[in-house]
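Subject: Handover of a structure and notes on its contents

Dear colleague,

Please find below the structure that I am handing over to you, followed by an account of what was found in it. I would suggest keeping the view open while reading.

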Amino acid sequence: MHKQLKFAILEGNEEKAIGLYNAKEMGKPLKSTLHPSKPFPSKKDPDGETPLHLAAKQALPILFSMFLEFGGRPDIMNSRKESCAHTACSDLHLAEKRANIIDQVLKWRAVNPSTHVAVSVPLDA
């Protein structure tokens, strides 16, 4: 089901991707087995994107928000050292949806469990 979710995201089919993310695989919801900030499991694509990065790149703000809700970390860099903000800005079409994603990234905060210091997304390239 991971592969189906990845293809739904790449197709820009947000409704289908949300349905797959909420679906059960072997009795467990996919959202409990697939971390939004870890690359999709793939033997063919070892440097693959994370679900969160792909949702940002494809301008899927509702799915992006769900991924944040389930532990997604937009401060995590992909294999090209890009944050989700960088991937959201990588294309100019769907500007309003991309702006929504950038807004979510800028508002996101977490606490580093070891230092108890607030963490946000580094935006320097």
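In which loop does Lys81 lie? Lys81 is found in the loop between α4 and α5. Its phi is positive, about 60 degrees, although Lys81 is not a glycine. With a relative accessible area of 66%, Lys81 is exposed. Please note that the model is predicted.

**Overall plan**

The protein contains six helices and four strands. Along the sequence, these elements follow the pattern α-α-β-β-α-α-α-α-β-β. The protein has 125 residues, of which 39% count as buried. Among contacts between residues at least 6 apart in sequence, 55% join residues at least 24 apart.

**The nonpolar core**

The largest nonpolar core holds 28 residues, and those that touch the most other members are Leu5, Ile9, Leu63, Phe64 and Phe67. Two or more residues are given to this core by each of α1 (2–10), α2 (14–22), α3, α4, α5 (84–88) and α6. Helix α4 supplies the largest share, five residues.

**Helix α4 and its surroundings**

Several residues of α4 are buried, namely Pro61, Leu63, Phe64, Met66, Phe67 and Leu68. The buried residues of this helix pack against α1, α2, α3, α5 and α6. Phe67 may serve as an example: leaving aside neighbours within four places in sequence, Phe67 is in contact with Ile9, Tyr21, Pro36, Pro51, Leu52, Ala55 and Gly72.

The loop between α3 and α4 contains Ala59. The phi of Ala59 is positive, near 60 degrees, in a residue other than glycine. Ala59 counts as buried because its relative accessibility is 0%. Just after α4, Gly71 takes a positive phi of about 100 degrees.

**Three pairs of packed helices**

Two packed helices are described by the angle between their axes and the distance between the axes. Three pairs are described here in these terms.

Consider α4 and α6 to begin with. Helix α4 covers residues 61–69 and helix α6 covers residues 95–107; their axes come within 9 Å and cross at roughly 15 degrees. Helix α4 is therefore roughly parallel to α6, and the crossing is right-handed. On the α4 side, the contact involves Pro61, Phe64, Ser65 and Leu68, which meet Lys97, Asn100, Ile101, Gln104 and Val105 in α6. By class, the residues of this contact are five nonpolar, three polar and one charged.

Now consider α2 and α4. Their axes lie 9 Å apart, and the helices pack at an angle of about 25 degrees. Helices α2 and α4 are therefore roughly parallel to each other. Glu14, Ala17, Ile18, Tyr21 and Asn22 in α2 meet a set in α4 made up of Pro61, Ile62, Leu63, Met66 and Phe67. Eight of the residues in this contact are nonpolar, one is polar and one is charged.

Lastly, consider α1 and α2. How are these two helices arranged, roughly parallel or roughly antiparallel? They pack at an angle of about 160 degrees, with 8 Å between their axes. Since angles over 145 degrees count as roughly antiparallel, α1 is roughly antiparallel to α2. The crossing of α1 with α2 is left-handed. From α1, the contact takes in Gln4, Leu5, Ala8 and Ile9; from α2, Lys16, Ala17, Leu20 and Tyr21. The residues of this contact divide into six nonpolar, one polar and one charged.

**A buried loop residue**

Leu30 lies in the loop between β2 (28–29) and α3 (51–57). Is Leu30 buried or exposed? Leu30 counts as buried, because its relative accessibility is 0%. Not counting residues up to four places away in sequence, Leu30 touches Met1, His2, Leu5, Leu20, Tyr21, Ala23, Lys24 and Glu25. One of these partners, Met1, is 29 residues away along the chain, and the C-alpha atoms of Leu30 and Met1 are separated by 7.8 Å.

With kind regards

Notes: Residues numbered from 1 in each chain as written. Predicted model: local features only at pLDDT ≥ 70, side-chain atom pairs only at ≥ 80, totals over all residues. Heavy atoms only, no water. Axes fitted to C-alpha atoms, helices over the stretch in contact; angles between N-to-C directions. Parallel < 35°, antiparallel > 145°, perpendicular 65-115°, else oblique. Left-handed = near helix turned anticlockwise from the far one by under 90°. Contact = heavy atoms within 4.5 Å. Nonpolar A, V, L, I, M, F, W, Y, C, P; charged D, E, K, R; others polar. Buried < 20%, exposed > 50% of the residue type's maximum accessible area, 1.4 Å probe, protein only. Core = buried A, V, L, I, M, F, W, Y, C linked by side-chain atoms within 4.5 Å.
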